[in-house]
Amino acid sequence: MDFLDAVRAGKTETSVSFDYGTRLTEFAILGNLAMQAGVNKKVMWDGPNMKVTNLPDLNQWVKRKSRKGWRI
């Protein structure tokens, strides 16, 4: 609701900055990837490119392919 209220009011800031929120989200995604990797497997993360560099099978959990007829 805070985000929607900020948009409606024309504000550029919300109660939590996007900078903090994006880092927190990336941290949570890395935790999920580590669980998928398994015990004693190190996950090497390339943040700017949003991909795992040493265990390519994990990249299926990062982004999904768009369905036919849809593009992002």
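**Group meeting: a predicted two-helix, two-strand model**

Among contacts in this protein (heavy atoms within 4.5 Å) between residues at least 6 apart in sequence, 9% join residues at least 24 apart. A word on the source: this is a predicted model, in which local features need pLDDT of at least 70 and side-chain atom pairs count only at pLDDT 80 or more, while totals for chains, interfaces and linings use all residues. Residues are numbered from 1 along each chain as its sequence is written, and side-chain values use heavy atoms, with hydrogens and water left out.

Now the layout. The protein has two helices and two strands, taken as DSSP runs numbered from the N terminus (helices H or I, at least four residues; strands E, at least two). From the N terminus on, the order is α-α-β-β. The radius of gyration, over C-alpha atoms, is 16 Å, well over the 11 Å that the globule rule (2.2 Å times the number of residues to the power 0.38) gives for 72 residues, so the protein is more spread out than a compact globule. Along the principal axes, the C-alpha atoms fill a box of roughly 45 × 35 × 20 Å. Buried residues (under 20% relative accessible area, 1.4 Å probe, protein chains only) make up 11% of the 72.

Next, the rings. There is one aromatic pair, meaning ring centres of Phe, Tyr or Trp (its six-membered ring) within 6.5 Å. Phe3 and Phe18 sit 5.8 Å centre to centre with 90° between the planes, which is edge-to-face (over 60 degrees; under 30 is stacked, the rest tilted). Phe3 lies in helix H1 (residues 2-9) and Phe18 in helix H2 (residues 18-37), so the pair ties together parts 15 residues apart in sequence. Phe3 is partly exposed, at 46% relative accessible area (the class between 20% and 50%).
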